[in-house]
Amino acid sequence: MTSVKTPADEAEARAIQDELRHHVVLDEPGPPPGRGLVAGVDVAYDDTRDLVAAAAVVLDAATLEVVEEATAVGHVSFPYVPGLLAFRELPTVLAALDALTAEPGLVVCDGYGLAHPRGFGLACHLGVVTGLPSIGVAKNPFTFTYEEPGTRRGDASTLVAADGAEVGRALRTQDAIKPVYVSVGHRVSLDNACAHALALSPRFRIPETTRHADSLCRRALREAS
């Protein structure tokens, strides 16, 4: 089973990020869009019970049909700290991924990769600890500036970090609908990450991977005793 160390405090969490950041691979194109198996992961919280539920849903990339799904529920083991969210989510996400029998060629996170205040969001962290190609497709802007992309599906603009580096793209997945925010996690190029985001979003703004994982983790949280 893939595991991740729960830090004792914020300082240790940042030290772990600093160490793992050096293992992010940025010079691989990643798997081709529309082929093989793609997994989506998402989490839901119940703060009153201190619970987190994670879902991993595997789709056939060609048909977008669900191949397999798994969930895991656990207690939140790290406090909420901006920039360190992965430490709250990863243990349960990894448990859900480990429960799958299918081996996805790509993992799509509902969140960020390089477009992160410390350059190491959930998609990077998950990719490094599992070795799987990973991308982040987020619903809301975070720690960057960008120009609004064109209004047509496929139009994109650069997400710019404070140091001027390109850390992702605002991508229009449907005509005249708010963009999503795509960033590389591990072992995928940015061009390919955007191509995957488009291929996984034929009808709605949000990728089908995230749509399925979102509803599944919410259901798992409701059913948790």
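The following exercises, each with a worked solution, concern a predicted model of a single protein chain.

**Exercise 1. Secondary structure and overall form**

Task: Determine how many helices and strands the chain has, and in which order the elements run from the N terminus.

Solution:
- Step 1. The count gives 5 helices and 8 strands.
- Step 2. Read from the N terminus, the order is α-β-β-β-α-β-α-β-β-β-β-α-α.
- Step 3. These elements belong to a chain whose radius of gyration is 16 Å, close to the 17 Å that the globule rule gives for 225 residues; the chain is therefore as compact as a globular protein of that length.
- Step 4. Along the principal axes, the C-alpha atoms fill a box of roughly 45 × 40 × 30 Å.

**Exercise 2. Burial, contacts and surface**

Task: State what percentage of the residues count as buried, and describe the contacts, the exposed area and the charges of the chain.

Solution:
- Step 1. Buried residues make up 52% of the 225 in the chain.
- Step 2. Consider contacts between residues at least 6 apart in sequence: 65% of them join residues at least 24 apart.
- Step 3. The exposed area of the chain is about 9,900 Å², of which carbon and sulfur atoms supply 51%.
- Step 4. Side chains with a positive charge number 20 and those with a negative charge 29; the centres of the two sets are 5 Å apart.

**Exercise 3. The surroundings of helix H4**

Task: Identify which residues of helix H4 are buried and which strands they pack against.

Solution:
- Step 1. Helix H4 spans residues 190–199 and is mostly covered, with 7 of its 10 residues buried.
- Step 2. The buried residues are Leu190, Asn192, Ala193, Cys194, His196, Ala197 and Leu198.
- Step 3. The packing partners of these buried residues are strands S4 (106–109), S5 (134–138), S7 (166–171) and S8 (180–186).

**Exercise 4. Cysteines and disulfides**

Task: Explain why cysteine 109 and cysteine 194 form no bond with the closest cysteine sulfur.

Solution:
- Step 1. A disulfide is a covalent bond between the sulfur atoms of two cysteines. The cut-off applied to such a pair is 2.5 Å.
- Step 2. For cysteine 109, the closest cysteine sulfur is that of cysteine 124, and the separation of 9.1 Å is too far for a bond. Cysteine 109 is buried, its relative accessible area being 0%.
- Step 3. For cysteine 194, the closest cysteine sulfur also lies in cysteine 124, at 14 Å, which is too far for a bond. Cysteine 194 is likewise buried, at a relative accessible area of 7%.
- Step 4. A search of the whole structure accordingly returns 0 disulfides.

How values were computed
Residues are numbered from 1 along each chain as its sequence is written. This is a predicted model: local features need pLDDT of at least 70, side-chain atom pairs count only at pLDDT 80 or more; totals for chains, interfaces and linings use all residues. Side-chain values use heavy atoms; hydrogens and water are left out. Buried means under 20% relative accessible area, exposed over 50%, partly exposed in between (1.4 Å probe, protein chains only). Helices (H or I, at least four residues) and strands (E, at least two) are DSSP runs, numbered from the N terminus. The radius of gyration is taken over C-alpha atoms; the globule rule is 2.2 Å times the number of residues to the power 0.38. Contact means heavy atoms within 4.5 Å. Accessible areas come from the Shrake-Rupley method with a 1.4 Å probe; for residues, only the protein chains shown count as cover. Lys and Arg count as positive and Asp and Glu as negative; His and the chain ends are not counted. The place of a charge is taken as NZ of Lys, CZ of Arg, CG of Asp or CD of Glu.
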